[in-house]
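Biologist: I've got a protein model open and I'd like to learn how to read it. Could you walk me through it?

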Amino acid sequence: LARIFSTVPDGYHVVLFRLNPARSVSFQDIDRAAGDAAGQPNVYVHVGLSRKAFRGSDRPEALEIDAISGMWADLDVAHPVHKKPGLPPDEEAALSVVKAMGLKPGLVIRSGHGLQAWWPLPEPWTFDTPGERRRARILARAWAITLRERAKRLGFTVDMVSDIARVLRVAGTVNDKRHV
């Protein structure tokens, strides 16, 4: 988490989401968030930060995301749990899609039947106006479209994961669908 969110600005929260039971919990301290998630099954982090703290079954929507710390990608690989045709056949092929972006990611995570790639910003981009949030949403969508097109050139299919309220599994946590 610290490599994704280099800093959490004062007044902002990292929001974790757990499955079974579905619940959110917010942290202003990365180390506390990481400690809470460590080794637990099915813990996800919202890619954006929020000024609002979330608890219980509440989850932030895109209009409640107030900052992003970079760009992201979630690439599934062909596996019995992923039946979508055209997925990269293995991690090496998924990495070729990441490399096709032309910018080296700051972090690549084995996410359990796929990879997450993160391109962190030097510091979070905080949104002071609705226009900034809109620009961030447009940038995230353009990034995902570019990734999808680069994957297509390589003969692969990737999912669009451009929503700034998207959740991705926390590195070091367990991807255990038996607990869903």
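Modeller: We'll go from the overall fold down to single residues. Keep in mind that this is a predicted model.

Biologist: Fine by me. How many helices and strands does the chain have?

Modeller: Start by listing the pieces, then read their order. Here the chain has three helices and nine strands, and along the sequence they follow the pattern β-β-α-β-β-β-β-α-β-β-α-β. The radius of gyration is 16 Å, close to the 16 Å that the globule rule gives for 180 residues, so the chain is as compact as a globular protein of that length. The C-alpha trace spans about 45 × 40 × 25 Å along its principal axes.

Biologist: What share of the contacts joins residues at least 24 apart in sequence?

Modeller: Set aside pairs less than 6 apart in sequence, and 67% of the contacts that remain join residues at least 24 apart.

Biologist: Now the sheet. In what order do its strands lie?

Modeller: With a sheet, you read across the strands, from edge to edge. This open sheet has five of them, in the order β5-β2-β1-β3-β9, with antiparallel pairing. β5 (55-56) and β9 (167-169) are at the edges with a single partner strand each, so one side of each lacks a neighbour in the sheet.

Biologist: And what packs on that sheet?

Modeller: Helix α1, residues 30-37, does, and it touches β1, β2 and β3 (43-46). The direction of α1 makes about 10° with that of β1.

Biologist: How many bridges join β1 to β2?

Modeller: Five bridges link β1 (residues 14-18) with β2 (residues 23-27), and the two strands run antiparallel. To follow one pair by eye, look at F17, whose bridge partner in β2 is S24.

Biologist: What about the inside? Which residues have the most contacts in the largest nonpolar core?

Modeller: A good habit is to find the core, then its best-connected members. The largest nonpolar core here has 49 residues, and L16 and W72 have the most contacts inside it. Strand β6 (residues 67-76) gives the most to this core, with six residues. Beyond its neighbours within four places in sequence, L16 is in contact with several residues, including L1, V25, F27, A33, V45 and V170. Over the whole chain, 47% of the 180 residues count as buried.

Biologist: Is S69 in β6 buried or exposed?

Modeller: For that, you compare relative accessible area with a cut-off: buried means under 20%. S69, which sits in strand β6, has a relative accessible area of 5%, so S69 is buried. Among the residues S69 touches are I4, F5, W119 and P120.

Biologist: Which way do the side chains point along β7?

Modeller: Check each residue in turn and watch for alternation. In β7 (residues 107-110), L107 and I109 point to one face and are buried, while V108 and R110 point to the other and are not.

Biologist: And which strand does β7 pair with?

Modeller: β7 pairs with β8 in the antiparallel sense, over four bridges. Their hairpin has three residues between the strands, and G112 takes a positive phi near 90° there. Further along the pair, I109 stands opposite Q116 in β8.

Biologist: Let's finish with Q116, then. Which side chain does Q116 make a polar contact with?

Modeller: The side chains of Q116 and W118 are joined by a polar contact of 2.9 Å. Q116 belongs to strand β8 (residues 114-126) and, at 2% relative accessibility, counts as buried. Leaving out residues up to four places away in sequence, Q116 touches A73, D74, L107, V108, I109, S111, L168 and R169.

Note on methods
Residues are numbered from 1 along each chain as its sequence is written. This is a predicted model: local features need pLDDT of at least 70, side-chain atom pairs count only at pLDDT 80 or more; totals for chains, interfaces and linings use all residues. Side-chain values use heavy atoms; hydrogens and water are left out. Two strands pair if DSSP finds at least two bridges between them. Contact means heavy atoms within 4.5 Å. Axes are lines fitted to C-alpha atoms, for helices over the stretch in contact, and angles run from 0 to 180 degrees between N-to-C directions. Buried means under 20% relative accessible area, exposed over 50%, partly exposed in between (1.4 Å probe, protein chains only). A polar contact is a pair of N or O atoms within 3.5 Å; within protein, one must be able to donate a hydrogen and the other to accept it, and residues adjacent in sequence count only if both atoms are side-chain atoms. A nonpolar core is a set of buried Ala, Val, Leu, Ile, Met, Phe, Trp, Tyr and Cys residues joined through side-chain atoms within 4.5 Å. The radius of gyration is taken over C-alpha atoms; the globule rule is 2.2 Å times the number of residues to the power 0.38.
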